[in-house]
Amino acid sequence: AKTTFYYTMLLALCQATATSAWVTVVRNTNSFCSKQSSKTTLYAAQEDRRQFVTSSLSIIGASTLLAPLPGHAAASTTPQQQKDKDNIVKGYNRLQYLLDNWVEKTTVCKTGQETTFGDKCERTPVVVMEYLGFKSTSDPLFKADTAMLRLKDLVPSDRDMDFYDAVDLFAQNAEEASSMAFVSSWGEANPGGGKDRVQLFIERAKKNVIASRDSLGTVMDILDLKP
């Protein structure tokens, strides 16, 4: 009964249309079909069946080896990458805190002395450089663009372009915000300067900080990080 079953299966395979992945199997099967009229013993059937199974397993094994490996989803997180992810979340939260307390954080009050125009408090966006990682190597966003690029192996393949665009936009806006903050420190002292010029720099810096925060938010969304 078993012999009849295998004969039936092989005869059916002879009539099937083979795909490219099973060319070798079909060739072996055709060879068996052409010989079956002269092979009437159980031993002959078992030998051909063994060859058939061996060839089939060889092809299946080769197909498995040639199958594409999983992409970014299979990547594991290294200790450095985990640190980078933590810093991105911390940096995002710090920027959000800065924006939520913008007036307070961009106002400096001097105790015991007056400013250039006699006021004890003045507006300045210089603090922006600190929150964006331009003041200390220990700040979460110190060289944040480099840190984010170290996480590129963890990015899903269908979000690659979104990731790189977000990193690029962050770098641009962080740099512009820092520049505005630096220039503002001389806003009143320069000829033609004044509080209105400082206010202008503050508003420009704020827009850059918002854009920087949003870029970090995009990166966090891509990497499935929670604030």
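These legends accompany several close-up views of a predicted protein model.

The model is predicted, so local features need pLDDT of at least 70 and side-chain atom pairs count only at pLDDT 80 or more, while totals for chains, interfaces and linings use all residues. Residues are numbered from 1 along each chain as its sequence is written, and side-chain values use heavy atoms, with hydrogens and water left out.

**View 1. The fold combines 9 helices with 2 strands.** Here helices (H or I, at least four residues) and strands (E, at least two) are DSSP runs, numbered from the N terminus. Follow the chain along its sequence and you will meet the pattern α-α-α-α-α-β-β-α-α-α-α. Take contacts (heavy atoms within 4.5 Å) between residues at least 6 apart in sequence: 69% of them join residues at least 24 apart.

**View 2. The surface of the protein exposes about 13900 Å².** Carbon and sulfur atoms supply 55% of that area, which was computed by the Shrake-Rupley method with a 1.4 Å probe. Of the 227 residues, 33% count as buried. Buried means under 20% relative accessible area, exposed over 50%, and partly exposed in between (1.4 Å probe, protein chains only).

**View 3. The second largest pocket has a volume of about 190 Å³.** A pocket is an open set of points on a 1 Å grid over the protein atoms alone, where a 1.4 Å probe fits, with protein on both sides within 12 Å along at least five of seven lines. Grid points are joined across faces, edges and corners, and the volume is the space filled by probe spheres set on the points. The lining holds 14 residues (each with an atom within 4 Å of a point), and Lys83, Asn87, Thr137, Asp139 and Phe142 lie nearest the centre. Helix H4 (79-100) and helix H7 (144-149) are the elements that give two or more residues to this lining; H4 gives the most, with 4 residues. By type, the lining divides into 4 nonpolar, 5 polar and 5 charged residues.

**View 4. Lys143 has a positive phi of about 50° although it is not a glycine.** Look for Lys143 in the loop between helix H6 (127-131) and H7. Lys143 counts as exposed because its relative accessibility is 53%.

**View 5. Asp224 also has a positive phi, about 60°, and is not a glycine.** You can find Asp224 in the segment after helix H9 (195-222). With 54% relative accessibility, Asp224 counts as exposed.

Note on methods
Nonpolar A, V, L, I, M, F, W, Y, C, P; charged D, E, K, R; others polar.
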